[in-house]
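Welcome, and take a moment to turn the structure around before reading on. We will walk through it together, one part at a time.

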Amino acid sequence: LVPDVDAVPGHIACASSTRSELVVPVFDRHGALIGVFDIDSNQPDIFTPTDASELRDMLRNVFEN
């Protein structure tokens, strides 16, 4: 979770309008990292720990099964 991308020195956002970001690693069924799921918002502090947890669970169901 990055509630304010402007507050993180050196952070490179995908777009100049990005204000907050949620990035979740994606693993295959063998536990190998196969990518990251990256969501940006033009609103600061929009994502919650619950959002991260639920997205992680959804990705686990898709890629680890």
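A salt bridge here is a side-chain nitrogen of Lys or Arg within 4 Å of a carboxyl oxygen of Asp or Glu. By that rule, the structure holds 2 salt bridges, and we will meet both of them along the way. Please keep in mind that what you see is a predicted model.

Let us begin with the overall plan. The chain contains 1 helix and 2 strands, and from the N terminus on the elements follow the order β-β-α. Along the principal axes, the C-alpha atoms fill a box of roughly 35 × 20 × 15 Å. Of the 65 residues in the chain, 20% are buried.

Now find the segment before β1, where one of the salt bridges sits. The side chains of D6 and R19 meet there, with a distance of 3.6 Å from N to O. Both residues belong to the segment before β1, so their pairing ties together parts that are 13 residues apart in sequence. As for their surroundings, D6 counts as exposed because its relative accessibility is 58%, while R19, with a relative accessible area of 29%, is partly exposed.

Moving along the chain, you come to the two strands, β1 (20-27) and β2 (33-41). They pair in the antiparallel sense over 8 bridges, and together they form a hairpin with 5 residues between them. Look at the turn for G31, which has a positive phi of about 90°. To see how the strands line up, find P25, which stands opposite V36 in β2.

The hairpin also has something to show on its outside. V23, F27, L33 and V36 form a nonpolar patch on the surface, and together they have about 350 Å² of accessible area. The elements that give two or more residues to this patch are β1 and β2. One of the patch residues, L33, is found in strand β2. Is L33 buried or exposed? Exposed means over 50% relative accessible area, so L33, at 54% relative accessibility, counts as exposed.

I34 also has its place in strand β2. I34 is partly exposed, since its relative accessible area is 45%. For a feeling of distance, compare I34 with S17: these residues are 17 residues apart along the chain, and their C-alpha atoms are separated by 27 Å.

Finally, follow the chain to helix α1, which covers residues 49-63. Its 15 residues reach 21 Å from the first C-alpha to the last, close to the 21 Å expected at 1.5 Å a residue. Which residues of α1 are buried? They are A52, L55 and L59. These residues lie on the same side of α1, because they cover an arc of only 70° around the axis. On the face of α1 turned away from its buried side, you will find the exposed residues P49, M58 and N61.

Helix α1 is home to a salt bridge too. The side chains of D57 and R60 meet at 2.9 Å, N to O. Both lie in helix α1, 3 residues apart, about one turn of the helix. D57 is partly exposed, with a relative accessible area of 35%, and R60 is partly exposed as well, at 36%.

Definitions and conventions:
Residues are numbered from 1 along each chain as its sequence is written. This is a predicted model: local features need pLDDT of at least 70, side-chain atom pairs count only at pLDDT 80 or more; totals for chains, interfaces and linings use all residues. Side-chain values use heavy atoms; hydrogens and water are left out. Patches are made of residues with over 30% relative accessible area and no salt bridge: like charges are joined within 9 Å, nonpolar side chains (Val, Leu, Ile, Met, Phe, Trp, Tyr) within 5 Å. Accessible areas come from the Shrake-Rupley method with a 1.4 Å probe; for residues, only the protein chains shown count as cover. Helices (H or I, at least four residues) and strands (E, at least two) are DSSP runs, numbered from the N terminus. Buried means under 20% relative accessible area, exposed over 50%, partly exposed in between (1.4 Å probe, protein chains only). Two strands pair if DSSP finds at least two bridges between them. The expected span of a helix is 1.5 Å times one less than its number of residues. The arc is that of the directions from the helix axis to the C-beta atoms.
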